[in-house]
Amino acid sequence: MSPDSLTSGSVRSAAELNDKIRALWRRAGGTLSAQERVEYELLVVEWATAIRGEVIEAA
């Protein structure tokens with residue numbers, strides 16, 4: 001996943017992103033390669049954005 005593939009503002013839910021993060025760790029067998037680390041970091045940033053949006057909407 002490249003930084004260009006993400007648009008500003010997440011359209012994916014925090015739950016969906018959490019599933020993708022967990023799947024990445026399962027595929028990697030618990031140790032991330034350099035490329036997987038980049039993907040992980042992008043997913044975590046997107047997940048954090050989604051969580052903030054969901055909390056604001058719930059309030």
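**View 1. Overall, 20% of the 59 residues of the protein count as buried (under 20% relative accessible area, 1.4 Å probe, protein chains only).** This is a predicted model, in which local features need pLDDT of at least 70, side-chain atom pairs count only at pLDDT 80 or more, and totals for chains, interfaces and linings use all residues. Residues are numbered from 1 along each chain as its sequence is written, and side-chain values use heavy atoms, leaving out hydrogens and water. You will find two helices (DSSP runs of H or I, at least four residues, numbered from the N terminus) and zero strands (E, at least two).

**View 2. Here is the largest nonpolar core, with eight residues.** Its members are Ala14, Leu17, Ile21, Leu24, Ala28, Leu32, Leu43 and Ala50. Helix H1 (14-28) and helix H2 (34-58) are the elements that give two or more residues to this core, and H1 gives the most, with five. A nonpolar core is a set of buried Ala, Val, Leu, Ile, Met, Phe, Trp, Tyr and Cys residues joined through side-chain atoms within 4.5 Å.

**View 3. Next comes the one aromatic pair found in a search of the whole structure.** The ring centres of tryptophan 25 and tyrosine 40 lie 5.5 Å apart with planes at 75°, so the pair is edge-to-face (centres within 6.5 Å, planes over 60 degrees apart; Trp is taken by its six-membered ring). The pair links distant parts of the chain, tryptophan 25 being in helix H1 and tyrosine 40 in helix H2, 15 residues apart.

**View 4. A last look at the two rings asks how open they are to solvent-sized probes.** Tryptophan 25 counts as partly exposed (from 20% to 50% relative accessible area) at 28% relative accessibility. Tyrosine 40 also counts as partly exposed, at 22%.

How values were computed: Rings of Phe, Tyr and Trp (its six-membered ring) pair if their centres lie within 6.5 Å; planes under 30 degrees apart count as stacked, over 60 as edge-to-face and the rest as tilted.
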